[in-house]
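Please read the following note with the sequence and the model open side by side. It is written for a colleague who is new to reading structures.

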Amino acid sequence: MKDLKSLTIEEMEAFLAEDLQQPKYRAKQVFDWLHKKMCGGFDEMTNLSKELREKLAAKAELRDVRQVAVQESKDGTRKYLFALGDEERIESVFLPHDYGNAVCISSQVGCRMGCTFCASTLSGLSRNLTASEMLSQVYGISKDTGVRIDHVVVMGMGEPLDNYENLIRFLVLIADPNGQNLSMRNLTVSTCGLTNEIRRLAEEKLPITLALSLHAPTQEKREALMPVAHRYPLDEVIEACRFYFEKTGRRVTFEYSLIAGKNDSEEDAAELGALLAGMNCHVNLIPVNPVEERGYAQPDQSAVLRFQNKLEKKGINSTIRRGMGRDIDGACGQLRRRFEE
Ligand code: SAH
């Protein structure tokens, strides 16, 4: 079965011509149904003949997501649990902001990176998501909420750069002017620091934002929190981020989850300031979302502010992220685990 929603218009033209003997313009029609109208089934494609719709249904599939559960927070954040065609489950989050509506999507079922504070990695990696499954999270949420989605952050379950080809396909398709036409500037990809793929992404020269999950100011402390640091040493990660900025002109965002007693001291802040000195970057400080299985705690508010002050003195801009949706299993992977129990 052809994974129709993962195809570019050119690929769709080739498929429709070769497998179904259809003229070129059909591809544009089908693409419009899938990516602009976000249609959920072949029978909705009313400008195609019934015969063609049946042929399509026999040779191609849509790889939609099915809504299993949704939790709504007081702040308007909505957290979705979706089932895929094979009944695997993933999470996505809707975040309404004054500057537009954002969706946070998953890129894999589970994750194999093993970060010690993260719930998504607790049962390892099941499989990669296809581009169509990533798109379907955005389309499903847009249809459920009835609003246009302007921003997408690939920050849900999984490591996007561990699913490189499908990720790029997703980014290109969500920005396609014949589909949802999102500005690439409104797309963010978050990674735990796969240096080869960061460099490869930089060479694609897509004007997206790269977010780097740093979480520690030294190699030793980072290794203790993120096993992946053994494979990708901190200096090489920072070097890859500099390369990303050089190639794309896009300022890198560093994610730093503050964990009480692990990485939240003023000394840590000073070391972080030294590490990032002179870089065109921004730091997001996120008090860790406690995951029961892990036993990490959030620093109190005064420690968070002290950390930020120290960073500021070193000339590094940062934002303390308001923990949206904390009342609804905010941390990635928590909702899915709840349903597995
Ligand atoms: N694998 C990618 C993207 C998914 S995780 C990455 O590592 O960036 C998205 C972000 O949430 C990452 O910065 C990750 O480190 C962070 N994160 C995961 N669990 C968290 C928790 N319990 N509290 C705060 N941030 C967490």
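The points below concern one strand with its neighbours, and then a selection of salt bridges.

1. The model under discussion is predicted. Each remark that follows should be read with this in mind.

2. Is strand β10 enclosed or open to the outside? Strand β10 covers residues 187-191, and five of the five are buried, so the strand is largely enclosed by the rest of the structure. The covering applies to both faces of β10. On one side lie Leu-187, Val-189 and Thr-191, and on the other Thr-188 and Ser-190, all of them buried.

3. Which strands pair with β10? Strand β9, residues 151-154, pairs with β10 in the parallel sense over three bridges. Here Val-152 stands opposite Leu-187 of β10. Strand β11, residues 209-213, also pairs with β10 in the parallel sense, over four bridges. In this pairing Ser-190 has Ala-211 of β11 as its bridge partner.

4. The connections between these strands deserve attention as well. From β10 the chain crosses through helix α6, residues 195-204, to β11, and this β-α-β crossover is right-handed. A right-handed β-α-β unit is likewise made by β9, helix α5 (residues 164-174) and β10.

5. Turning to charged side chains, a search of the whole structure finds 22 salt bridges. One of them joins Lys-50 to Glu-54, with the closest N and O atoms 3.1 Å apart. Both residues belong to helix α3 (residues 50-59) and are four residues apart, about one turn of the helix. Lys-50 has a relative accessibility of 56%, and because the limit for exposed is over 50%, Lys-50 counts as exposed.

6. A second example links parts of the chain that are distant from each other. The side chains of Glu-255 and Arg-321 meet in a salt bridge with an N to O distance of 2.7 Å. Glu-255 lies in strand β12 (residues 252-258), whereas Arg-321 lies in the loop between β14 (318-320) and α11 (334-340), 66 residues apart. Glu-255 is buried, at 4% relative accessible area, while Arg-321 is partly exposed, at 29%.

7. Which residues are joined into one network by salt bridges that share partners? They are Glu-61, Arg-63, Asp-86, Arg-127 and Glu-133. Within this group, the side chains of Arg-127 and Glu-133 meet in a salt bridge at 3.0 Å, N to O, and both of these residues are buried.

Definitions and conventions:
Residues are numbered from 1 along each chain as its sequence is written. This is a predicted model: local features need pLDDT of at least 70, side-chain atom pairs count only at pLDDT 80 or more; totals for chains, interfaces and linings use all residues. Side-chain values use heavy atoms; hydrogens and water are left out. Buried means under 20% relative accessible area, exposed over 50%, partly exposed in between (1.4 Å probe, protein chains only). Helices (H or I, at least four residues) and strands (E, at least two) are DSSP runs, numbered from the N terminus. Two strands pair if DSSP finds at least two bridges between them. A crossover is right-handed if, with the strands pointing away from the viewer, the path from the first strand over the helix to the second runs clockwise. A salt bridge is a side-chain nitrogen of Lys or Arg within 4 Å of a carboxyl oxygen of Asp or Glu.
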